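User: I am new to reading protein models. Could we go through this one step by step?

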Amino acid sequence: MAVPKTHMEVVSEHSLKSLDGAGNCKSIEEIPKANSLIPALETEGYSDDLERTLSELVADKIKSVGQPENQRKDYIQRTTGVQKWQDGSVYTGEFALNMKEGFGKFSWANGETYEGEFYKDHRHGFGTYSWPSGSSFTGTFYLSHIEGYGTMNFTNKIFKGLYKADERFGPGVETYPDDREDVGLWFRNHLIKLCTEIPDHFSILDYPEYTDFLEDDSIKVTRFEKEFSKWELNEEKDPFWYNYKQLLLDDNFTFPKEISFYSTDNDNLPMTCSFRKDLDSHFFVNENDTYDEEEEARLINRTPLMVKMQKHIYKFRHKQDHTGFNINSILSGNRTDFGPQGPKELTSELMITKAAEGDFERVYEILRDNLAHPDVADKIGYTALAAASVNCHNDIINLLLDNGADVNKCTDEGLTVLCICFIIYFPVKSFKRNIAERNFTEYQVKNQNDSELPASRTQISSISLTKALSQIEQEEKKNLSDSSHRLDLSFSRTTFLDEYNPLDIEITVLRSQSTLTELASEKELRISFERTLDDDVFERCTQYSTETIFESNQCICNFSLPVSQKNLEKSANIFSLLKANSDSKISMNEGTMRNMAFAIIEHRNRWTTINLLLRRGADPNLCHVPMQALFLAIKAADVEAVKLLLKYGARTDIRFPSKMKGLTPLHIAVALPGEEGVKITELLLHAITNPDTRAEDQDDIYGPDVFEFSPSSMKLNNELGPPSGYYTKSDIIPEEGGRTPLHVVCEREDNYKYARDIIRLLLAHKANPNSLWSGHSPLSLSIASGNDLAVTELLLNGADPNLSLTKGVGSALCAVSSLTYERKRSIVGKFALIDKLIHFGADILNPITFGEEKKTVVGTAVDYAFYRFFQDKRIAQTPYHSLSVVERETFVARRKLLEYIGACVPKAVTLKEKEWDQHLLQKSKKMETLENQRRRRIAATGKSPPGKVERIPFFKFCYQCGRSIGVRLSPCLRCYRVFTCSKNCKTKFWNEVHKQECGGEKRNYKSVTLRSESRSSKEKEVFKKDGRGSALKLGIAAKASSSSTLLPENYSFN
C-alpha cells in the first residue's frame, strides 16, 4: 500500500498557507492583520524576527544557503510555536524565516499526522507519517515526499526498502505474518528484479566464441552536481545568439523573486540547481557529498529505468540505518539470508517460466490480475519477454508488450531481446570468413565442449547442417549398395496453387513414380538456411518402420535408397509446411529429414519474431553485446536481414571494440567473398555511411610485408637520385592511419570481379583512393593482391600512380617489382601492368627512398627493383648452374622483369632531355666527365682545380640496365651522351642502340679504346711517381681490364 497521494498534496499546501472564510489562501505574514482569523492562529514564543522586513529575511536566507548546520545558526534564529488552521489542522514545532523549519508535528483534520524534520515548510529529513487506519511510515522524506530508506507498517504486512517520490524504487523486503518474504528490487508495488535465477535462461556466457568481443560495459556513477548538465553558450557556434540567453543560466531569473514564500508546489515547478543543492546540503548533512570523489561505483544494467534506480541506490548508500536487512545481498542476488519466497516472487517466476513454455492463458491471467510486473526479471535480468522471444512465442510477446513490457530492456549482460534473437538466428558458424577480420576469423569454443553447454544451446549451434548431410551421404555410400529404388511420397491432395494452404495438406506414404520434390517443383521455397544442429539430432531410425537400422531418408521397405542432399533439403522444406503440430502421428523429433524440417520451421519462426520485435519498437542500436545486430547480419552475409535493420534505423557508424581493431560494418561488408558483399555494401553506402572511415589498426603490418629478406648486397653510396627537372612531384599529401574500406577490399584475393564492383561503389561515393595504411595505398594493395581489375578501376577514378608510399613500399611501380608479391601474376602480366601504370602517368624517374636504417639512398623504381633483387642472395649470388630448376625459372623471370623495367628509363630520360638545349646538355655531360678526371689528377698531383663553369644538372644512369645506384658509370668516349655501368652493358648497348647513334665504326671504336688504355697507362706511371694513389691505381687497372673483356652471362646477374 503506497502513501495516499491526495493527503500528501494537501499537506504541502496547508503547511504554507492559511485559509480564510471563503477558502482563499493567505500567506502567514498576512494572517495577524486579519482580525477575523486571529482566533484561528495562536503563536507563542515568537521572536522579533517576525517584525523584520521581507527583504531582511531574504538577505538572511541567502546568507544561510549551503552553510553547515553549526554555521547556519549564526544567521537563523529558530523559535517554537503553534500554528492552527480553521479546518482543524495544527502544527506544533520550530519556525525560522516565517517557515516551518526544524523539528515539529503536523496533524490533519482527517487524523493523519507527521512528526519529524521540516525545512522551508517541507517535510524534509527523518520522520514518521501515520494514518488513522493504523498504517505508518518511518523513514526519510525529501521535499514533502517519501524518499530514501524506511519502513512501511501495514495491518497485514511490513515493507522495508528504498522509496522515491512516495513510491517503492529499489531494494526492499515485504514480510508477511507467516514469515514469507518477497525480496528483490521494487518498482512501485511490484518486483522488478528477483534474487533468484530462472532455469534454462539465455546467457552470453554460454557462447564462449564471443569472449573476445566482451568488454567492461558498465556506467560510472557521476557526482551529483554533474548530473545537471549546464547549457554551454557559445557566441561563435550559436547562429541564433542573443545576449539575453545568458539570463537563462541564472537561477534568479528562473522564477519570480521570493517565490518560495508564497508557493511550494514543487511537483509542477522546475527545480533549480541552487535550490536542489540547498536541499541536499540539509538532507545529507552528515555526508560530505552525495557522490564521493574517492569512491567509484559502476552501473551494470543499461536500461534507462534500471540506470535511474541504480543511481538512486548509490545516492542513498549512506542512509541505510533504518532498513534492518542486508541490502548488498539483494543487489548481489543472494537470497540465502531471507525467509521463504512470498506470493509475488513465486508469481513472477511462474510468469517467466510459462512465457518460455508458451502458456498464453496462464501469462494472461497473471497480467490481467496485476499479480506481476510485465518487466520482472531474474537475478541476471532475464525477463518474460526474453523467454518468449527465445522460444518464438509471438502471441505472448504481443501480450507482454500490450501490457507495458519494455521491448528494449537489457539484461545485466547488456543483451536486449532483439539481440538475443539475432544471436540465435545467426550462429557463429554461419559467419563468412573475410579479410577484414583476418586476425580473428577462427571462432572456436575455448575450454568447453558442446556437451557441457545447456540443452537450449546445443540444439542450436554445434555442427552445420550441410556438413552433417555430407557425412550421412558418405556413410550411405560406404554401407549401402546401389539400387534403382527411390523414395516416393505423394499427397492425397497434390494440387499446388498460388494461394494454397499448407495446413490442409495430408501426407500418406505410398510407392509411386513421382517424388515429393517433383510434385512441389512449381512451389520451390528459397530459404536462406544456415542453421546448425548437433550430431545426436541425426538418429539412425525412422518412425514408420519396425526396425531401427534404417536411415530416415529410406523407404519403409528395406531397400538401399541413396538420396541426394539437394532432394533431402527440398523434401525438408516441403515437410516443414505440413500440419505437423496438429497431427500426432507425425513426429518432428526423429529422422534426418524431419529434424531438417523442424530446424527450418524454427528458423522461419525466429525470423517472424525478429520482424515482430522491430515492428513493436525494438531498437537495433541499443545493444552492442557482443556486437550490434547489424554486425551479426553482415557477418552472416544476409542481405534481407541487413535491409530490414537499416529500414528500422540501424546505425552504420558503429564499431567493434578497440581490441578487435575498431572495425565498422562497411569494413566487414566490403570483405565478404560472395555477391552478397556487393549488395550489402551498396545498402550501407545508400544509408549515408562514411566511405573513408578508418579502423583502429594503424600499427598493423600488411601480411605479406611481415616476412623480411636479408639486407641487400647492393652497395649504397648516399646517392641523391635524379635532379628535379626530370620528374614532376605529386601535389597529393597522403594521410596515413588505419585501414579504410577501400584498403580492405583491395586486399581481397578471393574474387576479383566482386572486389572490382565494390571498389566501383566506394569510388562512386567519393572514397579517397590515395590514403595510406601500413605504407600502402589502395592501388599498391591491388597490385600486391594481384587484382588487375581493381588496378584499372582505381586508375580510372583518380588514384595517383606516383604517390609516395612509406615503410619501404616505394611506389606503385616498386610494388610490381617487389619480391614479396611476385607470385601474384605472370611475367607477361607484370609487363602489361607496368605499361598500364606508365600509360596512366606513372613516372619511372620519380625519386624513391630506400635502404637500411643507417644508410638510405634516393633512386628510381629501377634501382628499387635491383635493390630488392639482391636481397635474395640465394638467387642473386649463386652460380646459375648451381640453382635448382625452380630457382632457375625464378632467376630468369626476375632478370626479364629487370630488363623490361630498366628499358623504360632511357625512354623517359630521352623524352625529358629533348626539351632542353642538346648542345649545352652534351657539353655539361662532357664537362662532368672531364672534371672527374681532373679531380683525380688533382688528388694525385696536388694542383688546385680550375674555376667552375655553369652547366645543366643531368641524370647519370646506365643506358642499358637503367641503374643509377650502386654502380660505377662510365661515359661513351666518343659522344659523352650516354653512360654504362659495366663492360657487358657497354657492349650490349653499343651493338643494339648506340653504334648507330654515334655514327662510328668498329675500327674507330677500337682506336678510342686503345687511346683510353694508353691514357690509363700514363696515369699509372704518374701514380707510381707520386706514391699516393695505390687504391686508385688498382681501381683504374680493374676498370681497364674489364673494358677489354666480356663477362659470361651464365654465371650470375650481379
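User: How many residues does the hairpin that joins β9 to β10 run through?

Analyst: Keep in mind that this is a predicted model. Strand β9 covers residues 145–153 and strand β10 covers residues 158–164. The two run antiparallel, joined by six bridges. The hairpin between β9 and β10 runs through four residues.

User: Which residue in β10 is the bridge partner of Asn153?

Analyst: Strands of a sheet pair through backbone hydrogen bonds, either parallel or antiparallel. Here β9 and β10 are antiparallel. The bridge partner of Asn153 in β10 is Ile158.

User: β10 and β11 form a hairpin as well; which residue in the turn has a positive phi?

Analyst: Six bridges join β10 to β11 (residues 167–175), and the two run antiparallel. One bridge pairs Lys160 with Val173 in β11. Two residues lie between the strands, and the one with a positive phi, about 55°, is Ala165.

User: What is the strand order of the open sheet of eleven strands?

Analyst: The pairing in this sheet is antiparallel. The order is β3-β4-β5-β6-β7-β8-β9-β10-β11-β12-β13.

User: Which strands stand at the edges of the sheet?

Analyst: An edge strand has a single partner strand, so one side of it is left without a neighbour in the sheet. At one end, β13 pairs with β12 (residues 181–187) over four bridges. In that pair, Gly184 has Leu194 of β13 as its bridge partner. The edge strands are β3 and β13.

User: By what angle are neighbouring strands of this sheet turned against each other on average?

Analyst: Direction is ignored for this value. The average is 20°.

User: Helix α5 packs on the sheet; what angle does its direction make with that of β11?

Analyst: Helix α4 (residues 273–283) packs on the sheet too, touching β6, β7, β8 and β9. The direction of α4 makes about 130° with that of β8. Helix α5 (residues 304–315) touches β9, β10, β11, β12 and β13. The angle between α5 and β11 is about 75°.

User: Now to the nonpolar core. Which helix gives the most to the largest nonpolar core?

Analyst: In soluble globular proteins, nonpolar side chains tend to be buried together. The largest core here has 179 residues, and those with the most contacts inside it are Tyr210, Leu837 and Ile844. The helix that gives the most, with nine residues, is α11.

User: How many residues are in the other core, which lies apart from it?

Analyst: Its members include Leu143, Phe169, Cys195 and Phe283. The size of this core is 24 residues.

User: Why does the pair of Trp108 and Tyr129 count as tilted?

Analyst: A ring pair is stacked with planes under 30 degrees apart and edge-to-face with planes over 60 degrees apart; the rest are tilted. The ring centres of Trp108 and Tyr129 are 5.6 Å apart. Both residues are buried. The pair is tilted because its planes are at 40°.

User: How many residues apart are Phe213 and Phe656, which also pair?

Analyst: Their rings are edge-to-face, with 5.1 Å from centre to centre and 70° between the planes. Phe213 lies in the loop between β13 and β14, and Phe656 in the loop between α18 and α19. The pair links distant parts of the chain, 443 residues apart.

User: Over which ring does the charged end of Arg168 sit?

Analyst: A charged end can sit over an aromatic ring, as Arg317 does with Tyr314, 4.1 Å from the ring centre. For Arg168 the distance to the ring centre is 3.9 Å. The ring belongs to Phe159.

User: Asp121 has a positive phi; is Asp121 buried or exposed?

Analyst: Most residues other than glycine have a negative phi. Asp121, in the loop between β6 and β7, has a phi near 65°. The relative accessible area of Asp121 is 3%, and the cut-off for buried is under 20%. So Asp121 is buried.

User: Which residues does a cis peptide bond join?

Analyst: Most peptide bonds are trans. In this cis bond omega is about -5°. Pro626 is found in the loop between α16 and α17. The residues joined are Val625 and Pro626.

Notes
Residues are numbered from 1 along each chain as its sequence is written. This is a predicted model: local features need pLDDT of at least 70, side-chain atom pairs count only at pLDDT 80 or more; totals for chains, interfaces and linings use all residues. Side-chain values use heavy atoms; hydrogens and water are left out. A nonpolar core is a set of buried Ala, Val, Leu, Ile, Met, Phe, Trp, Tyr and Cys residues joined through side-chain atoms within 4.5 Å. Buried means under 20% relative accessible area, exposed over 50%, partly exposed in between (1.4 Å probe, protein chains only). Two strands pair if DSSP finds at least two bridges between them. Rings of Phe, Tyr and Trp (its six-membered ring) pair if their centres lie within 6.5 Å; planes under 30 degrees apart count as stacked, over 60 as edge-to-face and the rest as tilted. A charge sits over a ring if NZ of Lys or CZ of Arg is within 6 Å of the ring centre and within 35 degrees of the ring normal. Axes are lines fitted to C-alpha atoms, for helices over the stretch in contact, and angles run from 0 to 180 degrees between N-to-C directions. Contact means heavy atoms within 4.5 Å.
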